[in-house]
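Colleague: I would like a close look at a single part of this model, namely the charged side chains on its surface. Could you take me through them slowly, with the setting of the whole chain and the pairs of opposite charge included?

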Amino acid sequence: MATSASNVSEKLAEAKASVAPDYVPSDDEEYMGPRQLAYFRMLLLDWKKSIHDAAGQTLQSLQDGPIREPDLNDRASSETDWGIELRTRDRQRKLISKIDSALRRIDQGEYGWCEVSGDPIGLKRLIARPVATMTVEAQEAHERREKISRDD
């Protein structure tokens with residue numbers, strides 16, 4: 001974990017060095033050109049680093065010792081809080097695999113393009129959800145099909 005976190009930090013520092021601090025992708029430039037790809041790489045690596053940092057804090061809290069609340073209600077409340085925290089970390093662990101997948105798509109030149117239609121996903125959507133793999137329309141159609149098959 002420590003090696004992975006330091007590796008992410010190094011890659012993040014490289015990505016930040018290649019993007020101006022005030023840069024924001026715009027529709028006036030080439031879609032998924034080098035500057036935009038560098039920006040999204042930086043965004044994804046920063047997100048991944050923050051997840052690693054939060055996981056490290058959770059791990060440290062767990063190692064600091066067990067819950068020792070004298071009152072049963074306080075102990076139950078603390079255990080519930082820990083359960084929520086661990087579920088959050090599990091969701092974030094799954095998010096890291098999506099971030100890694102997005103970084104691979106950047107390296108392969110496929111980032112920013114819908115995996116269903118091949119159309120541009122769009123800057124606004126990617127800024128809001130950098131791990132998006134489909135356009136809004138394709139995602140909505142996918143969710144409709146998923147709902148229909150679930151209802152059957």
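**Charged side chains**

Modeller: On the surface of this predicted model, a patch of negative charge is formed by Asp 119, Glu 137, Glu 140, Glu 143 and Glu 146. One of these residues, Glu 137, belongs to helix α5, which covers residues 136-151, and Glu 137 counts as exposed because its relative accessibility is 56%, where the cut-off for that word is over 50%.

The setting of this patch is a protein with five helices and zero strands, so that, read from the N terminus, the order of its elements is α-α-α-α-α. Buried residues make up 28% of the 152 residues in the protein, and the accessible surface comes to about 10,100 Å², with 50% of that area belonging to carbon and sulfur atoms. If one takes the contacts between residues at least 6 apart in sequence, 60% of them join residues at least 24 apart.

Turning to pairs of opposite charge, side chains of this kind can pair when their charged atoms come close. A search of the whole structure finds five salt bridges, among them the one between Asp 100 and Lys 48, whose closest N and O atoms are 2.5 Å apart. Since Asp 100 lies in helix α3 (residues 72-108) and Lys 48 in helix α2 (residues 34-63), this pair ties together parts that are 52 residues apart in sequence. The two partners fall into separate classes of accessibility: Asp 100 counts as partly exposed because its relative accessibility is 23%, whereas Lys 48, at 11%, counts as buried, the cut-off for buried being under 20%.

Helix α3 also holds salt bridges that involve Asp 90. The side chain of Asp 90 meets that of Arg 93 in a salt bridge, at 2.5 Å from N to O, and these two residues of helix α3 are three residues apart, about one turn of the helix. Asp 90 forms a salt bridge with Lys 94 as well, with 3.5 Å between the closest N and O atoms, and here the partners, again both in helix α3, are four residues apart, about one turn of the helix. Through these shared partners, the salt bridges join Asp 90, Arg 93 and Lys 94 into one network. Within this network, Asp 90 is partly exposed, with a relative accessible area of 30%, and Lys 94 is likewise partly exposed, with a relative accessible area of 47%.

Key. Residues numbered from 1 in each chain as written. Predicted model: local features only at pLDDT ≥ 70, side-chain atom pairs only at ≥ 80, totals over all residues. Heavy atoms only, no water. Patch = residues over 30% accessible without salt bridge, like charges linked within 9 Å, V, L, I, M, F, W, Y side chains within 5 Å. Areas by Shrake-Rupley, 256 points an atom, 1.4 Å probe, with all protein chains shown as cover. Salt bridge = Lys/Arg side-chain N within 4 Å of Asp/Glu carboxyl O. Lys, Arg positive; Asp, Glu negative; His and termini not counted. Charge placed at Lys NZ, Arg CZ, Asp CG, Glu CD. Buried < 20%, exposed > 50% of the residue type's maximum accessible area, 1.4 Å probe, protein only. Contact = heavy atoms within 4.5 Å.
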